[in-house]
Amino acid sequence: MRYWLIKSEPDVFSIDHLRKAKREPWSGVRNYQARNSMRDDMSPGDLALFYHSSTNPPGVAGIAKVAGEPYPDPTQFDPKSEYHDPTSPKDNPRWILVDFEFVAKFDAEIPLQQMKEDPALDGMVVLQKGTRLSITPVEAKHFKHVCKLARWKP
DNA sequence: GCCAACGTTGGC
DNA sequence: GCCAACGTTGGC
């Protein structure tokens, strides 16, 4: 059982969108490290902090769960998609994703600022300066602490 | 809108 | 393989 943090711009896809959709392919990731996390390290049942980025204030809005095994991101082969990648080989797709399913929306978002100020979250990858990765691993103790701040229990 | 901190691209 | 130029992310 691993824990993760996944970033999304709420204008594009928010925790409310996920709640409505129930399950969603995490398409459009075009960063190798983030892809490797989904392809190699995620397992069905893993839990993720759902983080709202590029919004005021940014912060963790809820919880999502890895809903299945990794598979090729269909948008890479779709010429109409903004995520179309014409250089990705059809017989060896470059971009791999997993589906996430909705688990919970926090009563109140946990703001990035509050997380930065909390000594219990020292060392969390997403809090480190210059981290732009859209998918980062989260230590169990950090995951549990954020849930505690949100007064949410699995 | 600014800009720091990256990641990617491509000439050499 | 180096590295300058360029593009992107995302907090502020």
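Which residue has a side-chain N or O atom 2.7 Å from a base oxygen of DNA strand B? In this predicted model, the residue is R132, whose side chain places an N or O atom at that distance from the base oxygen. R132 is also listed among the residues around DNA strand C, and the points below take the two strands in turn.

**DNA strand B**

- The residues that surround DNA strand B are Y32, Q33, K129, G130 and R132, and by class they divide into 1 nonpolar, 2 polar and 2 charged.
- Sugar or phosphate supplies 65% of the atoms of DNA strand B that lie within 4 Å of the protein, while the rest belong to bases.
- Phosphate oxygens of DNA strand B are approached by a polar side-chain atom of K129 at 2.8 Å and by a polar backbone atom of G130 at 3.4 Å.

**DNA strand C**

- Around DNA strand C lie K7, Y51, S53, S54, P58, L112, K116 and R132, a set that comprises 3 nonpolar, 2 polar and 3 charged residues.
- Of the atoms of DNA strand C that come within 4 Å of the protein, 75% are accounted for by sugar and phosphate.
- Two side chains reach phosphate oxygens of DNA strand C, with a polar atom of Y51 at 2.6 Å and an N or O atom of K7 at 3.1 Å.
- S54 contributes through its backbone, where an N or O atom lies 2.9 Å from a phosphate oxygen of DNA strand C.

Technical notes:
Residues numbered from 1 in each chain as written. Chains lettered and ligands numbered in written order. Predicted model: local features only at pLDDT ≥ 70, side-chain atom pairs only at ≥ 80, totals over all residues. Heavy atoms only, no water. Near = heavy atom within 4 Å. Polar contact = N/O pair within 3.5 Å; in protein donor to acceptor, adjacent residues only side chain to side chain. Nonpolar A, V, L, I, M, F, W, Y, C, P; charged D, E, K, R; others polar.
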